[in-house]
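Please look through the structure below with this report beside you. The text begins where the chains meet, and then turns to strands, a sheet and the nonpolar interior.

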Amino acid sequence: MNRLGLPLETISDDPVPEQVVGYVSVQGTQSVFGGKVKRLRKTVKAYHAQKSIRDSVRRDLEKSGFSILAESALGLSISAPGGAYEEITGGKLKTRELFLNIDADYSMYVTHVDIVGDKQSKTLGVGKVKSPNLKIDGVLIERPRFFHPVFPSPIPPTSPKFHLRVPGEVAVVLNAVAAHQAGNRGDGVIVAMPDSGQFRHPFFTANGFNLKPTISVVQGANPSKDPVGHGTGESANIFAAAPGAVLQAIRASNNQGKLVGAIAGFLLAKDLNPKARIITNSWGGDGPFPPFGSPDEFELAWAAEILDAIEQGILVVFSAGNSQFSIEPQVPGVLAAGGVFLDPTGNLRASDYTSGYASPWFDDVNVPTGSGLVGMRPRAQYIMLPVQPDCEIDRDESEPDPPFDPSSDGTLSNDGWALFSGTSAAAPQLAGVAALVLGAKPQLSPVQVIEALTKTAVDVTAGSCHPRFNNPATVGSDLATGAGLVDASAAVQFALDNF
Amino acid sequence: MTDDYVELFLKWTADGEAPQVQTWLEKNGLSTMRMKHGLLITGSLQQIETVFGVSLKNKQPPIELPIPQELAVHVAAITLPRPRSYHD
């Protein structure tokens with residue numbers, strides 16, 4: 001039994017594959033098979049077979065229906081239907097399931113093929129030939145092998161730049177720790193996130209976070225890869241606030257990481273079974289501000305789709321934008337995520353990296369609704385987030401960006417960690433806080449969840465949003481940070497006390 | 001397929017949605033998803049260019065695509081919308 005209490009081996013229902021790849025050891029002066037001492041000699045020259053014998057074995061195998069894939073001084077790599085193996089060994093081919101560690105912290109049953117029979121070896125996948133005229137001292141069936149990808153550390157590296165780490169420091173600043181300690185962790189609340197993909201970073205496993213298998217929108221795009229690193233990194237913000245939430249990542253990017261399937265990704269997120277309670281979106285479009293007129297028909301149809309999700313009871317979070325102007329965060333009922341920066345002295349101010357404006361398209365809508373933690377211009381390198389090693393963000397953030405920023409994020413270009421944020425970080429933070437609220441009070445509507453977050457947010461009165469909009473943070477709700485920085489524990493308490 | 005995946009928005013005429021439009025698009029190798037007000041069409045750039053008889057390379061969205069004769073009665077517009085990008 002392994003540590004999960006599962007048997008190490010079980011019977012298999014899988015058929016023997018149509019083609020079985022194996023290996024035959026051609027007789028030399030010595031053999032690794034059959035001896036009592038299971039040890040390799042210091043030199044393998046004694047196992048070498050004479051060329052004439054190898055040629056003879058090759059001909060015999062080809063006559064029996066084998067293809068010769070490769071040859072060495074010791075033996076031949078072969079392929080044939082299972083019947084050909086049974087013919088030369090007199091045994092039977094049978095499948096068995098072995099429980100193996102496939103990747104870091106990931107185990108599963110893997111089908112193996114064995115040669116069984118009275119005169120066959122007890123060793124998995126090893127057989128003997130039935131005819132002594134065939135100069136083969138052992139038949140082996142290849143055992144499944146696995147790639148050994150290099151996994152990054154689950155622990156964030158240090159950086160000389162002032163920054164916050166997930167999950168702990170972001171949880172502290174969002175005041176989520178008290179809620180966690182009271183047992184409110186957003187347990188089981190499904191948060192869907194259409195984005196660039198979700199790399200299986202050890203950070204998530206080491207922290208025990210719950211991720212469903214990623215769904216890919218674009219045919220042929222690997223759901224377990226994230227060539228940009230954006231979705232993987234930003235999703236860590238959800239768990240900083242709500243460690244018990246369940247993430248359903250939806251890869252909406254193509255093989256280059258371009259966000260080509262965002263709308264299809266959102267439609268899939270709406271249609272999940274079981275339903276997502278929250279859809280968090282760290283992306284959007286851009287257009288002139290102020291706009292030339294009303295939104296076009298596409299924008300309106302897209303806005304109707306977002307509104308429909310809200311009417312179904314799904315809380316929809318969109319990032320306000322990092323200077324962009326876009327319809328998504330303006331849709332009435334959307335929780336639009338802006339940014340607040342906590343500086344090294346502990347003071348809060350509006351992030352000058354984020355968008356903030358009164359909607360010119362919808363009455364009584366201001367963007368943002370409330371804020372999460374976001375860095376400052378020029379690059380908002382603020383939160384140390386896990387990414388796929390050597391992905392676009394891992395490389396870009398580890399380089400200086402002259403003339404705007406002569407320094408890098410202090411990490412390596414391939415270490416699987418990078419400093420970044422943007423309203424892309426704020427949206428999943430707010431989604432995480434909303435998951436805490438819904439974990440405590442599952443029957444709440446999106447409107448009620450937003451009320452809990454905004455009524456309890458910490459008012460931010462310093463700084464301004466991005467210069468494109470240049471709105472200052474003031475006492476009370478404003479166009480720089482909305483209601484201010486969300487307070488997770490206060491939001492949960494508000495929901496418990498008032499709904 | 002992944003390098004040139006494209007999303008298009010289809011707007012119905014006042015008569016509302018018509019299942020035969022979806023059937024026609026899917027017969028031509030495109031995928032569709034129903035929206036509250038319209039239809040999302042997806043496919044490769046090459047498929048889209050072939051089906052709609054246009055070249056989209058080096059053009060700046062939003063772009064109105066010509067409506068195929070077979071769909072003209074039911075479809076008011078087909079648009080390649082502005083791209084979406086990450087907010088990092």
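## Where the two chains meet

In this predicted model, the contact draws 37 residues from chain A and 24 residues from chain B. On the side of chain B that touches chain A, five strands each supply at least two residues, namely β1 (5-12), β2 (31-35), β3 (38-44), β5 (75-80) and β6 (85-86) of chain B. Among the contributors to that side, β1(B) gives the most, with four residues. If the residues of the side of chain B that touches chain A are sorted by character, ten are nonpolar, seven are polar and seven are charged.

The chains are also linked through strand pairing, since β15 (residues 283-284) of chain A and β6(B) run antiparallel to each other and share two bridges. Within this pairing, A:Gly284 has B:Ser85 of β6(B) as its bridge partner.

## Strand pairs

The table sets this pairing beside two others that lie within chain A.

| Strand pair | Sense | Bridges |
|---|---|---|
| β15(A) and β6(B) | antiparallel | two bridges |
| β3(A) and β4(A) | antiparallel | four bridges |
| β22(A) and β23(A) | antiparallel | four bridges |

Strand β3 of chain A covers residues 67-71 and strand β4 of chain A covers residues 75-80, and a hairpin of three residues leads from β3(A) to β4(A). One of the bridges between them sets A:Ala70 against A:Ser77 in β4(A).

## An open sheet and its helix

Three strands of chain A form an open sheet in the order β9-β22-β23, and the pairing in it is mixed. Strands β9 (164-165) and β23 (417-420) of chain A stand at the edges with a single partner strand each, so one side of each has no neighbour in the sheet. Helix α6 (residues 230-241) of chain A packs on this sheet, where it touches β22 and β23 of chain A, and its direction makes about 115° with that of β22(A). In the pairing of β22(A) with β23(A), A:Ile383 stands opposite A:Phe420.

## The nonpolar interior

Which residues touch the most other members of the largest nonpolar core? They are A:Val191, A:Val433 and A:Val437, in a core of 135 residues. Helix α10 (residues 423-440) of chain A provides the largest share of this core, with twelve residues. Beyond its neighbours within four places in sequence, A:Val191 is in contact with residues including A:Ile238, A:Leu247, A:Ile278, A:Ala431 and A:Ala435. Another core, of 21 residues, lies apart from the largest one, and among its members are A:Val26, A:Ala84, A:Leu93 and A:Ile141. In soluble globular proteins, nonpolar side chains tend to be buried together.

Note on methods
Residues numbered from 1 in each chain as written. Chains lettered and ligands numbered in written order. Predicted model: local features only at pLDDT ≥ 70, side-chain atom pairs only at ≥ 80, totals over all residues. Pairing = 2+ DSSP bridges. Contact = placed C-beta atoms within 7 Å. Axes fitted to C-alpha atoms, helices over the stretch in contact; angles between N-to-C directions. Core = buried A, V, L, I, M, F, W, Y, C linked by C-beta atoms within 7 Å. Buried ≥ 20, exposed ≤ 12 C-beta atoms within 10 Å, placed from the backbone. Nonpolar A, V, L, I, M, F, W, Y, C, P; charged D, E, K, R; others polar.
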